[in-house]
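Trainee: I have a model on screen and some questions about it. Can we go through them one at a time?

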Amino acid sequence: MPIKRTISKGKVPVKIFTDDVESDALQQLYNLSQLPFIHSHIAAMPDVHLGKGAAVGAVIPTRGAIIPAAVGVDIGCGMHAVRLSLKAKDLPDNLRALRLHIEAAIPVGFAMHKQDKARESTIRALSGGLHALLQKHPKLQAQQKKPYQTWIRQIGTLGGGNHFIELCLDENQEVWLMLHSGSRGIGNAIGEYFIGLARKDMGRHLLQLPDKDLAYFSEGARHYDDYLQAVSWAQDYASANRREMLHLIAEALRKKLPKFGVTKEAVNCHHNYVAREQHFGAWLWITRKGAIRAGDGELGIIPGSMGDKSYIVRGKGNPQAFCSCSHGAGRRMSRSAARRLFDERHAVEQTAGVECRKDLGIVDELPGAYKAIDQVMENQSDLVEVVHTLKQVLCIKG
């Protein structure tokens with residue numbers, strides 16, 4: 001569907017691909033539109049909702065400046081999915097043992113591997129960039145009590161919150177392995193550090209911003225290039241984390257399932273990141289805070305909530321969305337509100353047919369806490385086309 005709503009009272013318009021937007025998120029979008037370096041307009045995806053500083057689901061085009069808090073602290077958070085050469089009939093009737101086996105192989109929450117699990121080539125590719133960054137910014141290194149474990153032994157780990165591992169079935173009853181994770185502790189440390197630096201560097205000019213979380217680095221400023229170096233490294237780390245985790249999960253599955261191969265890699269895509277792109281005749285920094293790139297013909301992943309459907313999509317390259325689409329269903333209530341409203345009974349009801357935990361620890365991730373994925377997909381029919389519809393049968397939450 002086309003743009004549903006436009007905010008025109010800022011320095012640039014905000015073009016929103018849904019009518020379902022909470023007032024606080026609208027305020028955050030308006031705040032972004034008041035910044036002097038936004039190019040053309042702000043785009044808001046159909047899953048838009050309240051975030052920190054900038055609304056989640058915002059696509060922010062900037063010239064000559066970059067906003068660290070808009071990228072966020074889970075830098076490079078995103079999705080990875082592959083189709084396996086297995087059918088539904090190849091899976092055991094009861095998936096609980098399989099879930100426990102994957103959980104034993106992949107640390108979740110704040111946990112990490114007890115020994116190095118990442119392939120040496122991955123560690124070697126990341127080491128040089130991080131060493132250069134930490135030498136320039138020793139305070140960043142001091143923020144981490146165990147810098148070695150933070151980045152090496154967290155490669156191939158899930159993290160917490162809405163991060164997940166799933167086995168899904170598509171419309172042909174073929175099995176997909178899908179996961180959602182980001183740059184773990186080291187990405188969080190980099191994000192927090194540079195958000196703090198941006199506020200500090202702006203000094204008294206911070207008071208002129210509509211929100212202190214919109215503190216930015218201007219091109220040519222002291223820490224502008226350093227942040228770009230750091231955010232690029234963290235995005236590479238997040239991609240590597242997903243690749244290594246998928247490799248470890250596949251190895252674990254091979255011990256429990258019939259022999260299989262990977263028949264098709266859908267995509268390894270960020271949805272909290274910044275990239276240099278050309279739009280409306282200019283080279284810009286495009287910050288996607290809870291949005292994926294959906295250029296013409298590009299594949300992407302849009303997950304629903306646990307217990308709901310997910311989609312492999314192909315982008316249509318819509319210029320008004322800066323070649324973007326939603327990164328998921330989008331929350332319709334806060335985590336605290338979901339914990340007040342839902343209990344184990346709701347967990348059982350809302351995740352029927354899915355092998356997963358059904359306790360109080362996951363109630364803030366239940367489908368009822370999210371927008372309806374079908375409506376989100378309908379609202380972005382101008383942005384993507386569906387290639388595969390996936391239904392999860394096993395879900396592990398961080």
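Mentor: Start with Cys 323, which sits in the loop between S15 and S16. Helices (H or I, at least four residues) and strands (E, at least two) are DSSP runs, numbered from the N terminus. This is a predicted model, where local features need pLDDT of at least 70, side-chain atom pairs count only at pLDDT 80 or more, and totals for chains, interfaces and linings use all residues. Residues are numbered from 1 along each chain as its sequence is written, and side-chain values use heavy atoms, with hydrogens and water left out.

Trainee: Is Cys 323 buried or exposed?

Mentor: Buried means under 20% relative accessible area, exposed over 50%, and partly exposed in between (1.4 Å probe, protein chains only). The relative accessible area of Cys 323 is 13%, so the residue counts as buried.

Trainee: What is phi of Cys 323 near?

Mentor: Cys 323 is a residue other than glycine, yet its phi is positive. The value is near 55°.

Trainee: Which residue in the loop between strand S15 (309-315) and strand S16 (324-326) has a relative accessible area of 0%?

Mentor: The residue lies in that loop. It has a positive phi of about 55° although it is not a glycine. With a relative accessible area of 0%, it is buried. The residue is Phe 322.

Trainee: Move to strand S8 (residues 174-181). How many of its residues are buried?

Mentor: Glu 174, Trp 176, Met 178 and His 180 point one way from S8. Val 175, Leu 177, Leu 179 and Ser 181 point the other way, and all are buried. The strand is mostly covered, and the buried count is eight of eight.

Trainee: How many bridges join strand S6 (residues 78-87) to S8?

Mentor: Two strands pair if DSSP finds at least two bridges between them. S6 and S8 run antiparallel. Within S8, His 180 is the bridge partner of Met 79. The bridges joining S6 to S8 number seven.

Trainee: Which residue stands opposite His 180 on the side of strand S7 (residues 164-169)?

Mentor: S7 and S8 pair in the antiparallel sense over six bridges. The residue opposite His 180 in S8 is Phe 164.

Trainee: Which residue in the turn of the S7 and S8 hairpin has a positive phi?

Mentor: The hairpin has four residues between its strands. The positive phi is about 65°, and the residue is Gln 173.

Trainee: Now charges. How many salt bridges does the structure hold?

Mentor: A salt bridge is a side-chain nitrogen of Lys or Arg within 4 Å of a carboxyl oxygen of Asp or Glu. Side chains of opposite charge can pair when their charged atoms come close. The count in this structure is 22.

Trainee: How far apart are the closest N and O atoms of Glu 120 and Arg 124?

Mentor: The two are separated by about one helical turn because they are four residues apart in helix H4 (residues 120-136). Glu 120 counts as exposed at 51% relative accessibility, and Arg 124 is exposed at 55%. Their closest N and O atoms are 3.9 Å apart.

Trainee: What is that distance for Arg 357 and Asp 359?

Mentor: Arg 357 counts as partly exposed at 30% relative accessibility. Asp 359 is also partly exposed, at 28%. The salt bridge has its closest N and O atoms at 3.0 Å.

Trainee: Glu 365 forms a salt bridge too. Which residue is its partner at 2.8 Å, N to O?

Mentor: The side chains meet at that distance, and the partner is a lysine, Lys 397. Glu 365 lies in the loop between helix H10 (344-350) and helix H11 (373-379) and Lys 397 in strand S17 (residues 384-397), so the pair ties together parts 32 residues apart in sequence. Salt bridges that share partners join Arg 331, Arg 335, Arg 339, Asp 364, Glu 365 and Lys 397 into one network. Both Glu 365 and its partner are buried, and that partner is Lys 397.

Trainee: What separates the C-alpha atoms of His 223 and Phe 194?

Mentor: His 223 lies in the loop between strand S9 (217-218) and H8. His 223 is buried, with a relative accessible area of 6%. The two residues are 29 residues apart along the chain, and their C-alpha atoms are separated by 8.5 Å.
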